[in-house]
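Got the viewer open? Good: let's take a walk through this model, one selection at a time, and see what turns up at each stop.

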Amino acid sequence: MTDATPFPLNAWYAAAWGHEVRHELASRTVCSRDMVLYRRGDGQVAALEDACWHRLLPLSLGWLDGDQVVCGYHGLVFNAAGRCTHMPAQKTINPSACVRAFPVVERHRLVWVWPGDPARADPDRVPDFHWNDGTDWVGEGGTYYGLKCDYRLVIDNLMDLTHETYVHAGSIGHEAITDSPFDVTHTDKTATMARWMLNIEPPPFWAKQLDKPGPVDRWQIIRFEAPSVVVGDVGVAPVGTGAREGDRSQGVNGCFLAAITPETEKTCHYFWNFVRTFRTHDARLTRDIQLAHVNDGKGLYDQDATVLQAQQRAIDRHPRMPFYNLNIDAGALWARRLIDRMVASEAKRAPQPPSAAAE
Amino acid sequence: MTDATPFPLNAWYAAAWGHEVRHELASRTVCSRDMVLYRRGDGQVAALEDACWHRLLPLSLGWLDGDQVVCGYHGLVFNAAGRCTHMPAQKTINPSACVRAFPVVERHRLVWVWPGDPARADPDRVPDFHWNDGTDWVGEGGTYYGLKCDYRLVIDNLMDLTHETYVHAGSIGHEAITDSPFDVTHTDKTATMARWMLNIEPPPFWAKQLDKPGPVDRWQIIRFEAPSVVVGDVGVAPVGTGAREGDRSQGVNGCFLAAITPETEKTCHYFWNFVRTFRTHDARLTRDIQLAHVNDGKGLYDQDATVLQAQQRAIDRHPRMPFYNLNIDAGALWARRLIDRMVASEAKRAPQPPSAAAE
Amino acid sequence: MTDATPFPLNAWYAAAWGHEVRHELASRTVCSRDMVLYRRGDGQVAALEDACWHRLLPLSLGWLDGDQVVCGYHGLVFNAAGRCTHMPAQKTINPSACVRAFPVVERHRLVWVWPGDPARADPDRVPDFHWNDGTDWVGEGGTYYGLKCDYRLVIDNLMDLTHETYVHAGSIGHEAITDSPFDVTHTDKTATMARWMLNIEPPPFWAKQLDKPGPVDRWQIIRFEAPSVVVGDVGVAPVGTGAREGDRSQGVNGCFLAAITPETEKTCHYFWNFVRTFRTHDARLTRDIQLAHVNDGKGLYDQDATVLQAQQRAIDRHPRMPFYNLNIDAGALWARRLIDRMVASEAKRAPQPPSAAAE
């Protein structure tokens, strides 16, 4: 399995924020598939293979004619289903002339694409990301396009928040994170890591949001949904107000949302948001929290990005060295196991390497 | 044949404009052969292997002593035939000490080199490029050194001008190009694509040159000479003035000239010119036409360069994907067939891969 | 042997100037081993593998806690012996959790590391570099970190000073160098090239230092100590004052010192100095001589760096081409032979490629 591709193809992956896709051509690579994205006149998003059938020029260098894509080299035209509808200087069109059309669903403010077998693309399998809908939970996120690391390193990072103590000392890091026990549970599609830190001093970020004196109970309930989404239910409440038992009304609650899409085997697109249920009308707080995460290299996620890219470079330099694991890696290990199962299941279905044309 | 080198070695390739080669050392790579070029005292151009026999330092980092090249590291001296004539601290010179000398011919304002077997370098086989002599036809061109694409992609581009409709819309592009029939003919060394567009509105560039009202007959007669020269006889004349029958006296006639030299398997030097027989004394027109072709990214050929380099990147990313062909590719396919024959014929002569030393 | 690593591992290599290593983390690669260097509280220098046992993050991205290194990702702590002393959220520490600790000796103003088997790291085998101690001989040097060439090309360069005539014409170059005979001798660990140029005009640099009219006797006695140190005893004295017989009191004497450390197979760190016994209290002369060697691309060694890096690029482009040798290469050939013997001897001891974990 070591040489297998590190991602399953039969899955929905976030490819863009909905507001980014307009009636114009944009290129995006997902799971090593080059795609051209655009919004059709009826509002639906189309995703075609970004290489002309004829001579491979990226279609994203061409232009739209209505809902059809015109190649910028010789003017071949492809409709939103990928079928060629015009060839220069020919009346008959080769019926096999087409480019791949990838299934697309727009949901939870993101555009999701399915790089694998279109026949298996079930919209019901889009990951649960409802916290991002902009209704009950409020927040504005962003994207690291082309982050230079294997997407699984981001998942490792999010599934074990002990790193906050070291990478994010001074904001959300706290010794209590490493001192507190945690539970890991899983299903066929999800792995969940839950940690309760009872009766602790809140770290600076949370103390400011709660704005009440005294110690708190803090929680981190991180849920991975295979292959590439992580949702972290996090917050603090004054000690003994019943948060652990289910009453968070005295506390403050946020969710970090991560959809991590493999671009290639060693790069990824990291769509993130941090949403909350407190002070939801405070636009300045929304902006402050956004900047706390990503801010020209100075935000929390910028610190992670530095670490993750350095880790990838180290892996590239030590290709044979195994990873060693600690107890804290239990959540990440389950996440990787679920990914590995998906990849293995695809390998079983397709024991022969598919020909290039079949792609 | 798929892994074969994409260029024949036993051929003349343009390496520089004559006016560029002075009595000083200049490096140039042709067909993956590193060369150092310089003009000797008698006016002849010499081309030597650009790597000292002793320790491989590029000779182009050294200097000239008369017509001999002094290596900049230990002072070995090589004459214009490539023979070592001086070694430091030795009286006897190893008779095998030499670097390759490449046959050179200066003709049609260009310096042509022969990277293959010197014994077969027949000056009569220099491609016919007399339009570039600066006598009957007038124009000033230029070079893209190190264009990042396989030289054959440039040939494909020039042998099928339907791309003008899409890549050069607004200047020389015209729907009539894709609508008009064309003929392809060939000999052992050449392939010719001829297209007549009768009774059409001239595109902006030609309307301006002709400066007469009314529809025109337009022609494009593109001739490839293997392995790397393309000459395009193009122009317009008022409808019915006999251009197709041979009388172009009422029209305007130009020739685009292209000598496309492989630098490596994926890069090339593209020597171009556009010459004309009309208003030949108008230096401002000469300059305007030159700028119309190459102008800091905004010229016609700059548009082609963008497309060609994007196409090469796409090929690199889809190594197993075949090209599909359209009717319009007939001229390019013949050009490639003639190249393939030359390459195959060389492979036959040299069934054993030559040793490095033998090069 | 052609594919063997070009450097022995069981040897002391200069990794830094002593004054550069402070109580803070610094990364350095020696013989393809990534190391993190720091000075402990007791003044000793420690060198650990620069990749955390857990997830490979470079330890140099973390911080010091006393004399221990804290990983910047999950807070694992390693002592100066490389043993893990703290793991997050665990009371028991995996006893196998450690990173490599490399033997270190600080001597002759340099920090030397031993990338091979620690059990064989004998401090008595640190190369003799006493000229660099700053006592009898005075001078200030510098380092080219990450020079883009195989370290053996630098040794070739220093073992044959005929290149001065060509690379350094105008300063220390002189026709006499190539005209004069030389002797090469060797031991199991050293190769020495000695050249006397009797009764010559001194080249500009030496004429200025000597500051006496008339011809001189000039000497160059270059001694290589395997695998990576070169010391060159150089100078001039007025003709017939007995320099060759051992009395240099009428002349001026300098030593160039070079410790050339492989960084990777194709890059190296070049620690250099030029020390002298004349006008030792003249700080301005010290500075002038330093600038004469390295000065923003204009110094003597900058000229060498240009040649050496061009040579490496040429080697990369002509992988199968052998080097040819001249008589002048006798010293360099002996140096390479001694290196080859060390490498071969290591290959014999370890006939099996070591596993990654064993490293």
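Start by selecting C:Arg39, then look straight across to strand E4 of chain C: the residue standing opposite is C:Val45. Keep in mind as you go that this is a predicted model. Now widen the selection to residues 33-39 of chain C, which make up strand E3, and add E4(C): the two pair in the antiparallel sense over five bridges.

Add one more strand and you have a little sheet. Its order is E2-E3-E4 in chain C; the sheet is open, has three strands, and pairs in the antiparallel sense. Which strands stand at the edges? They are E2 (26-30) and E4 (45-49) of chain C; each has a single partner strand, so one side of each is left without a neighbour in the sheet. Tilt the view a bit, and you can look for the turn between neighbouring strands of this sheet, which is 35° on average, direction ignored.

**Next stop: a hairpin in chain C**

Select residues 104-107 (strand E9) and 110-113 (strand E10) of chain C: four bridges join these antiparallel strands. Click C:Val104 and then find C:Val113, its bridge partner in E10(C). Between E9(C) and E10(C) there are two residues, making this a hairpin. Pick C:His108 in the turn, and you'll find a positive phi of about 55°.

**Where chain C meets chain A**

Now show chains C and A together. The contact takes in 25 residues of chain C and 27 residues of chain A. How do people put a size on something like this? The size of an interface is often given as the accessible area lost when the parts come together. Here, the area buried between chain C and chain A is about 2,400 Å², with 61% given by carbon and sulfur atoms. Highlight C:Arg55, C:Leu56 and C:Tyr73: they supply 33% of the area that chain C buries against chain A, more than any other three residues.

Stay on C:Arg55 and bring up A:Asp156, because there's a salt bridge between their side chains (3.3 Å, N to O). The count between chain C and chain A is three salt bridges. Sorted by class, the side of chain C touching chain A has 15 nonpolar, seven polar and three charged residues.

**Over to chain B: a seven-stranded sheet**

Switch to chain B and colour its strands. Seven of them form an open, antiparallel sheet, in the order E11-E17-E16-E15-E14-E13-E12. At the edges are E11 (142-147) and E12 (182-186) of chain B, each with a single partner strand, so one side of each has no neighbour in the sheet. From one strand to the next, the twist averages 15°.

Zoom in on E13 (residues 190-200) and E14 (residues 216-225) of chain B, which run antiparallel and are joined by nine bridges. Select B:Met193 there, and B:Ile222 in E14(B) is what stands opposite.

Which helix packs on this sheet? Select residues 151-159 of chain B: this is H1, and it touches E11, E13, E14, E15, E16 and E17 of chain B. Its direction makes about 160° with that of E16(B). Then pick helix H5, residues 283-293 of chain B, which lies across E11 and E17 of chain B and runs at about 145° to E17(B).

**Last stop: chain B against chain A**

Show chains B and A. Here 27 residues of chain B are in contact with 25 residues of chain A, and the buried area is about 2,400 Å². Highlight B:Tyr166, B:Tyr324 and B:Leu326: in chain B they lose the most area to chain A, together 30% of what that side buries.

How many salt bridges are there across the interface of chain B and chain A? There are three. For one of them, select B:Arg317 and A:Asp34, whose closest N and O atoms are 2.4 Å apart. H1, H2 (163-167) and H6 (300-317) of chain B are the elements that give two or more residues to the side touching chain A, and H6(B) gives the most, with seven residues.

Finish with A:Arg55 and B:Asp329, a salt bridge with its closest N and O atoms 3.7 Å apart. This pair crosses between chains, from the loop between E4 (45-49) and E5 (63-65) of chain A to the loop between H6 and H7 (330-349) of chain B.

Key:
Residues numbered from 1 in each chain as written. Chains lettered and ligands numbered in written order. Predicted model: local features only at pLDDT ≥ 70, side-chain atom pairs only at ≥ 80, totals over all residues. Heavy atoms only, no water. Pairing = 2+ DSSP bridges. Axes fitted to C-alpha atoms, helices over the stretch in contact; angles between N-to-C directions. Contact = heavy atoms within 4.5 Å. Buried area = accessible area lost by both parts, 1.4 Å probe. Salt bridge = Lys/Arg side-chain N within 4 Å of Asp/Glu carboxyl O. Nonpolar A, V, L, I, M, F, W, Y, C, P; charged D, E, K, R; others polar.
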